[in-house]
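Me: Could you walk me through this one? I'd like to start with the ligand and then move on to the sheets.

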Amino acid sequence: MKRNITPFVLLLISLGLSSFLCTRSPMVQMEKSPNMVASTDSPIDKRVDSLLRLMTLEEKVGQMTLYTTDWGATGPTIREGYTKDIRSGACGALFNSHTVKFTRELQRIAVEETRLKIPLIFGYDVIHGYKTIFPIPLGEAASWDLTAIERSARVAAIESTAAGLNWTFAPMVDVGRDPRWGRVMEGAGEDTYLGCRIGEARVRGFQGKSFAQNDAMMACVKHYAGYGAPIAGREYNSVDMSERYFRDYYLPTYEAAVKAGAATIMTSFNDYDGVPASGNKYLLTDILRKEWNFQGFVVTDYTSMNEMVNHGVVANEKEAGELSANAGVDMDMQGAIYQKFLAQSVKEGKVPLAQVDEAVKRILRLKFELGLFENPYKYCDEQREKTQILTKAHRDDARDMARKSIVLLKNDQNALPLRKGAKIAVIGPLADNQSELIGNWSGAGEAKDCITLLTGLKTNATCQYVAGCATVDGMDKSGFAAAVAAAKAADVVVVAVGEKAMMSGEAAARAELTLPGVQQELVEELVKTGKPVVVVLMNGRPLAIPWIAENATAVVEAWWLGTETGNALADVLFGDYNPAGKLPMTFPRSVGQVPIFYNEKNTGRPYDPNSKWTSKYLDLPNSPQYPFGFGLSYTTFGYSEPQVNKTTFKKGEDLQVTVNVTNTGKRAGEEVVQLYVRDLVGSVTRPLKELKGFQKIMLQAGAFQVVTFQLTDKDLSFYRRDMTFGSELGEFEIMVGGSSDNVKKVKVTMQ
Ligand code: BGC
């Protein structure tokens, strides 16, 4: 049968709209390359190309422009009137706008009132949960449980996408070795290997199996690159390190997250080697695009393009835009520079049009992949919003993750677990504080939904609560007497001290790592009563707490555990759950040891307590208070000597390492078995140990398990003298244990 071709269809064809519109099959975006970005010959690319041909330069720049709504902005709002910008096609993406009602209305403007009807994407900092708040990422990292971490990100994505969002500014994969830097709370700690695995798990969790799902959201790996190493731990400070160090320890986490399929990546505020990341072609094009073949789009951090003027590498914002565009920045977050100047820069020949086209294509491709052209309201489902947020199941997941994140640092006299039915004095400014316990960057989480420590403990004990000091950082000691009286009347004291949520996170560097205010003095008074004192730390970074480590009966690191804080802590403190967390970051004795991390090098004069002329301090040992990988359990574990399947092996051959781990205590428990390696003689100096594997195992009391690790050539590789990446022949130490400072060794030789 012959069809009539209407004049309207003819018009579409002549405009080149045919392939853009006619191939709107919902299945298209399911044909995936491994990183979920369609390959260049996919139908999506044809659609992108035909759409691109219809766009004016100004509309192209609009797609490269991201604005916050005036909802929960994280910095100065440069532009106002974002609805005007959406309508005119000057803005293609928004952040800090969520809930179905709000996003639906904004999307309606984009797809009904703009010339080309290109849908918006909606981003938000969903860092550790949308409404059901999970532990802060540093806390989750202490679980060393990749399945649980992936689940946490999955739950965050399910809730976010039910609230109109399709893009999260997470995971933050910046390696952090300096606890003064407040943003360590948002990462996975100090180790590159652990950081890689956790970053991958988070990307998988957020993005789900395919963007065809309505509960998958784009991840945004941040902050590329090196943001975790600001000089002196001071937020936004410069980053300067050798390329070798950068490539060995700081770059791999971004690469791992990119290779895990992250759709987008965010530039960092800092300069690296003298060039701000948002204008750094070496980072954004040479490494990201050429070495790693990243197919997604690059967004700046909040006005970081503008800040290149302050950095002093450009004279004005127009030049900043040119530097960014030519370096490979696809989208300008909140800076309005692309909007103001980019079209002009293209007309002047300062930025090639092809560069703009590539950026727009990358952005549009993801909008197609998300299925937004098929259904711009895919994420605006009121029914989902009503039923899939803060559900019982999600709270159960959050409780599980929170229990797994807790690290038992000290347990003298078997003070823990607490006896159910005991009389407990619950003390401390954080013991019953809902708003602090959900932590910084807590999305749309609400304090009212948070179970406090006090509420949790009350389920199994008689509790008398006295704050002792009303605030974390106040100097008022008038509540001490009541706290001491409560302690004296109780069987045991549980005291929650630490930081306010806003003392870590962005713009929250601290020069001291001690407990703020009079909190330590409060603990001192409680210890004087002679009652067992269990200190529960709530904080976003490693703290220096030598007095507490020495004098408290038990110490529990609880970070910020989120919505289910109290239930999770009660599970652990009463022994219904046996803690198994291990520190993802070294706890120093003093801020003077910072930066401090486990995988340091030997130096030419390794530490010798009996010799002055070695690498050391006069006033403190080199060792930390609590090392990386450390954490106790209510049971104990014994390790056999590690065995290898061959003590000499050829380059390129895998090595099998086995160790027999036994639960030598009286309770079932989990252990994180850690594998470290050391290259004894290299063409460049190598660390004393580097994590290259871990396994979390569950053992019944008295049971044992043979744990097997497969070491590959890559695990023994590094950037050699000539900056090529690979292994070198010679001797290696393979170490296995339950903490970085407690390992057993075997030597092997690569021939
Ligand atoms: C932070 C980013 C965040 C962005 C948007 C910035 O200040 O550094 O991590 O994603 O704001 O909220």
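Reply: What follows goes through the ligand site, two sheets and a few points of backbone geometry, and the model is a predicted one.

Me: OK, which residues come nearest to the ligand?

Reply: There are 13 residues around the ligand, and those that come nearest are Asp125, Arg183, His223, Asp301 and Glu506.

Me: What about distances for the side chains of aspartate 125 and histidine 223?

Reply: For aspartate 125, an N or O atom of the side chain is 2.4 Å from an oxygen atom of the ligand, and for histidine 223 the corresponding separation, again between a side-chain N or O atom and a ligand oxygen, is 2.6 Å. Glutamate 506 also places a polar side-chain atom 2.7 Å from an oxygen atom of the ligand.

Me: And how much of the ligand's accessible area does the protein cover?

Reply: On its own the ligand has 310 Å² of accessible area, and the protein covers 100% of it.

Me: How does the shell split by class?

Reply: The residues of the shell divide into 6 nonpolar, 2 polar and 5 charged.

Me: Switching to the sheets, what is the strand order in the one with 6 strands?

Reply: That sheet is open, with its strands in the order β11-β16-β15-β14-β12-β13 and with mixed pairing. The strands at the edges are β11 (407-411) and β13 (462-466), each of which has a single partner strand, so one side of each is left without a neighbour in the sheet. From one strand to the next, the twist averages 20°.

Me: How do β15 and β16 run, parallel or antiparallel?

Reply: Strand β15 (residues 533-538) and strand β16 (residues 554-557) run parallel and are joined by 4 bridges. As one example of the register, valine 534 has alanine 554 in β16 as its bridge partner.

Me: Which helices pack there?

Reply: Helix α22 (residues 519-528) lies across β12 (423-427), β14 (492-498) and β15, and it runs at about 170° to β14. Helix α24 (residues 565-573) also packs on the sheet, where it touches β14, β15 and β16, and its direction makes about 145° with that of β15.

Me: Now the sheet with 3 strands, what's its order and pairing?

Reply: The order is β5-β6-β9 in an open sheet, and the pairing is parallel. Here β5 (220-224) and β9 (297-299) stand at the edges with a single partner strand each, so one side of each has no neighbour in the sheet. The twist from one strand to the next averages 25°.

Me: How many bridges join β5 to β6, and what's the partner of valine 221?

Reply: Strand β6 (residues 264-267) is joined to β5 by 3 bridges, with the two running parallel, and the bridge partner of valine 221 in β6 is isoleucine 265.

Me: Last topic, backbone geometry: where are the cis peptide bonds that you would point to?

Reply: One is the bond from alanine 170 to proline 171, with omega near 5°, and proline 171 is found in the loop between β4 (167-168) and α9 (192-207). Another joins leucine 416 and proline 417, with omega about -5°, and proline 417 has its place in the loop between β11 and β12.

Me: And what is phi of aspartate 273?

Reply: Phi of aspartate 273 is near 55°, which is a positive value in a residue other than glycine, and aspartate 273 is placed in the loop between β7 (271-272) and β8 (275-276).

Notes
Residues are numbered from 1 along each chain as its sequence is written. This is a predicted model: local features need pLDDT of at least 70, side-chain atom pairs count only at pLDDT 80 or more; totals for chains, interfaces and linings use all residues. Side-chain values use heavy atoms; hydrogens and water are left out. A residue is near a molecule or strand if one of its heavy atoms lies within 4 Å of it. A polar contact is a pair of N or O atoms within 3.5 Å; within protein, one must be able to donate a hydrogen and the other to accept it, and residues adjacent in sequence count only if both atoms are side-chain atoms. Accessible areas come from the Shrake-Rupley method with a 1.4 Å probe; for residues, only the protein chains shown count as cover. Ala, Val, Leu, Ile, Met, Phe, Trp, Tyr, Cys and Pro count as nonpolar, Asp, Glu, Lys and Arg as charged, and the others, Gly among them, as polar. Two strands pair if DSSP finds at least two bridges between them. Axes are lines fitted to C-alpha atoms, for helices over the stretch in contact, and angles run from 0 to 180 degrees between N-to-C directions. Contact means heavy atoms within 4.5 Å.
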